[in-house]
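Biologist: Please give me a close look at one part of this model, a patch on its surface. After that, follow the chain outward from there and tell me what you come across.

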Amino acid sequence: MKPIVRAENLGKRYSIGTRDAAYDTLRESLVEAMRAPLRRLRGRNGKQNSETIWALKNANFEVKPGEVIGIIGRNGAGKSTLLKVLSRITEPTTGRAELYGRVASLLEVGTGFHPELTGRENIYLNGAILGMKKTEIVSKFDQIVEFSELEKFLDTPVKRYSSGMYMRLAFAVASHLEPEILVIDEVLAVGDAQFQKKCLGKMGDVATEGRTVLFVSHNMVAIQSLCQRALWLDHGEIIEDGAAGPVVSSYLHGSFGGGASLEEVWPEAETAPGNESIRLRRVRIKPVNGSPTDPLTTKTPFTIEVEYWNLRPDAKLHVTIHLYTEHEIVAFTTGSGHELKWAGQPMPVGLYRSVCQVPGDLLNVGRHRFKVLVIKDGTSVLYQHESNATFEILDLVERDISTYGHEPGVVKPALNWSTELLGATDSDPQPEDRAS
């Protein structure tokens, strides 16, 4: 199948401290002419302040019609630059980009809108820019207005819109006017949570309609839910290109700082994290059975252990753990406050170990971290520690790596099911009654 998007050795270089844009007014041109000799003098004296950076370099990839591609990476990785080059907003310094089809870009709030025109007029303007006939725009007009929820402000100039209203209308137009290629940057962060959910649902609909989507986001859950494939950019280069699940996992693995660290130890109380009442000695993760180096799978029971010095006599303490997924979602919160031995009891000064038993068939695949809180008198937080100990849950039963990470949910429990026959019929159902 012929690709709908092809990038060959794409690169974009910017100069820091210089102005590359054309000068729009006579005044600006005259000011620039006066500055030019001074800049040349600085250059001869070796004091040129300009510096070049490559926001994008050596980008090579193809996108097939109907693919939904997630583009991920840290801030400044080159994601937005790539979309601007593909959208023909900026010219590449090296290489070329080929796009075969109508492109709608939603890169910045208000992109493509004329501020003096009303929302109604801008809908028609955007449709015309996409090459649509008026009859096509009219057929979609009511859907766009309904989705944007801006009917009351439709005849107001968009220069009076808030950033959220801009985004609502821009997304509604871009997603409903049926371009072959939809390019979306992380503009959904402007909207409220309800509208973000609505936008993500619409993007899912667009994907199922067979249109091509290039989607930049820091929302890894959205990337894995909407995209079959992901590009991971770092310092302007494509680090990994493949199925969304494994690429997101690699990116988040790097964000966690490399390999898992199952233990933190502080042998001396004087230098351990804590305060005048409590000091931590150790936090660690251990499989219940087998070697500490064995992988933790979705079926592996394990423990989270917290060792700490109580430095105050007769303190009433318990330990609480907040467990987070790699998406920074709280998987669960649990505490030792209800254990029989020390619940509500005064504790003498000494070294303690609190152990949390985590059963198998509970957590979903992915990397996890946790926060330790020491609670005093059952109500007040005496001390809290963001642990550097992290661990990864694997699913070794899976055979198709392209499905990795696609099962939704924070947990993946093995729940009991049962099926029973409620009543038998004397004869088979007729063909038209059979389930298709």
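Modeller: Let's go straight to the patch: Tyr14, Ile16 and Ile53 make a nonpolar area of about 230 Å² on the surface. Keep in mind that this is a predicted model. Tyr14 sits in strand β1, which covers residues 5-16. Its relative accessibility is 30%, so Tyr14 counts as partly exposed.

Stay with strand β1 for a moment, since there's a charged residue on it too. Which residue does Arg6 pair with in a salt bridge? The partner is Glu98, and the closest N and O atoms of the two are 2.9 Å apart. Arg6 belongs to β1, while Glu98 belongs to strand β4 (residues 94-99), so to speak a link across distant parts of the chain, with their positions 92 residues apart in sequence. Is Glu98 buried or exposed? Its relative accessibility is 14%, and the cut-off for buried is under 20%, so Glu98 counts as buried. As a general point, side chains of opposite charge can pair when their charged atoms come close.

Now walk on past β4. The loop between β4 and β5 (103-106) holds Arg102, and the loop between α5 and β6 (181-184) holds Glu180. The side chains of these two, Arg102 and Glu180, meet in a salt bridge at 4.0 Å, N to O. Because they lie in those two loops, the pair ties together parts that are 78 residues apart in sequence. How open are the two ends? Glu180 has 36% relative accessibility and therefore counts as partly exposed. Arg102 is at 22%, which also puts it in the partly exposed class.

That loop brings us to helix α5, which is worth a detour. Helix α5 (residues 163-176) packs with helix α4 (residues 134-148): their axes come within 9 Å and cross at roughly 145°. The crossing of α4 and α5 is right-handed. If you want to find the contact on your screen, look on the α4 side for Lys140, Gln143, Ile144, Phe147 and Ser148. On the α5 side, pick out Arg168, Leu169, Phe171, Ala172, Val173 and His176.

Further along, strand β9 (237-243) and its surroundings give us two spots to check. His235 is in the loop between β8 (229-234) and β9. It isn't a glycine, yet His235 has a positive phi of about 50°. With a relative accessibility of 58%, His235 counts as exposed. In strand β9 itself you'll find Ile239, which is partly exposed because its relative accessible area is 47%. Setting aside neighbours within four places in sequence, Ile239 is in contact with Trp232, Leu233 and Asp234. Its C-alpha is 9.4 Å from that of Gly73, although the two residues are 166 apart in sequence.

Back to charges, later in the chain. Asp361, in the loop between β16 (350-358) and β17, is another non-glycine residue with a positive phi, near 55°. At 27% relative accessibility, Asp361 counts as partly exposed. Strand β17 (residues 366-376) then carries Arg367, and strand β18 (residues 380-394) carries Glu392. Their side chains meet in a salt bridge, 3.6 Å from N to O, and the two residues are 25 apart in sequence. Why is Arg367 called buried? Its relative accessibility is 2%, which falls under the 20% cut-off. Glu392, at 21%, counts as partly exposed.

Salt bridges don't only come as pairs here. Glu263, Arg281, Arg282, Arg284, Lys286, Glu305, Glu307 and Arg353 are linked in a network of them. The full count for the model is 24 salt bridges.

Zoom out now. The protein chain has eight helices and 18 strands, and 43% of its 436 residues are buried. Take the contacts between residues at least 6 apart in sequence: 71% of them join residues at least 24 apart. The accessible surface comes to about 24000 Å², with 51% of that belonging to carbon and sulfur atoms. And the place where we started, the patch of Tyr14, Ile16 and Ile53, takes up about 230 Å².

Technical notes. Residues numbered from 1 in each chain as written. Predicted model: local features only at pLDDT ≥ 70, side-chain atom pairs only at ≥ 80, totals over all residues. Heavy atoms only, no water. Patch = residues over 30% accessible without salt bridge, like charges linked within 9 Å, V, L, I, M, F, W, Y side chains within 5 Å. Areas by Shrake-Rupley, 256 points an atom, 1.4 Å probe, with all protein chains shown as cover. Helix = DSSP H or I, 4+ residues; strand = E, 2+ residues; numbered from the N terminus. Buried < 20%, exposed > 50% of the residue type's maximum accessible area, 1.4 Å probe, protein only. Axes fitted to C-alpha atoms, helices over the stretch in contact; angles between N-to-C directions. Left-handed = near helix turned anticlockwise from the far one by under 90°. Contact = heavy atoms within 4.5 Å.
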